[in-house]
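Please look through the model below with its interior in mind, following the path from a shared core to the individual residues that take part in its surroundings.

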Amino acid sequence: TLIPGVNSKKKQMCFDWGPGEMLVCETSFNKKEKPEMVPNCPFIYIIRKDVDVYSQILRKLFNESHGIFVGLQRIEEELTGKSRKAQLVRVSKNYRSVIRACMEEMHQVAIAAKDPASGRQFSSQVSILSAMELIWNLCEILFIEVAPGDIGPNV
């Protein structure tokens, strides 16, 4: 949505959470005057505060990820050498499986959604989780499971 009267070059945008969990914006726009269309007028997108935190599936991902990374911090201090690398691979694969399980569960919810808007939202989250899994897998290959003779950094 275009916001009349807002010129981002003047740095006059100010946002805050308003009633009903809606993001509101103050501008110098006066309703009595004809709205001035300012070049480079910014757009605003509808966003929702903390919606993903209340999804049971994503809560499970957050909680399990937290447990995995807290455990990783503990073992990082204790292990060295080959045992450290083996443990990193194990933790990495565990994290990837958590992402995959959440993605599959989210996919099932998207398929079962009765509301098309909810189905699209869940499908969008599935796409994000899929990208996360692929990126994590790539990082695992490049930085953790570097094969001998490869030109990747060793952890």
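**The core and its neighbours**

In this predicted model, the largest nonpolar core comprises 18 residues, and those with the most contacts inside it are Leu61, Met106 and Leu129. Helix 1, helix 2 and helix 3 (116-144) each contribute at least two residues to this core, and helix 2 gives the most, with nine residues. As a general background, nonpolar side chains in soluble globular proteins tend to be buried together.

Leu61 is a convenient place from which to continue, since, once its neighbours within four places in sequence are left aside, Leu61 is in contact with Val98, Ile99, Cys102, Leu129 and Met132. The backbone oxygen of Leu61 also takes part in a short approach, lying 2.7 Å from a polar atom of the side chain of Ser65. Ser65 belongs to helix 1 (residues 56-78), and Ser65 counts as buried because its relative accessibility is 10%, where the cut-off for buried is under 20%.

From Leu61 one can pass to Val98, which is found in helix 2 (residues 81-112). Val98 has a relative accessibility of 6% and therefore counts as buried as well. Not counting residues up to four places away in sequence, Val98 touches Leu61, Glu64 and Ile68. How far apart in space are Val98 and Glu64, C-alpha to C-alpha, given that they are 34 residues apart in sequence? The C-alpha atoms of Val98 and Glu64 are 7.3 Å apart.

Definitions and conventions
Residues numbered from 1 in each chain as written. Predicted model: local features only at pLDDT ≥ 70, side-chain atom pairs only at ≥ 80, totals over all residues. Heavy atoms only, no water. Helix = DSSP H or I, 4+ residues; strand = E, 2+ residues; numbered from the N terminus. Buried < 20%, exposed > 50% of the residue type's maximum accessible area, 1.4 Å probe, protein only. Contact = heavy atoms within 4.5 Å. Polar contact = N/O pair within 3.5 Å; in protein donor to acceptor, adjacent residues only side chain to side chain. Core = buried A, V, L, I, M, F, W, Y, C linked by side-chain atoms within 4.5 Å.
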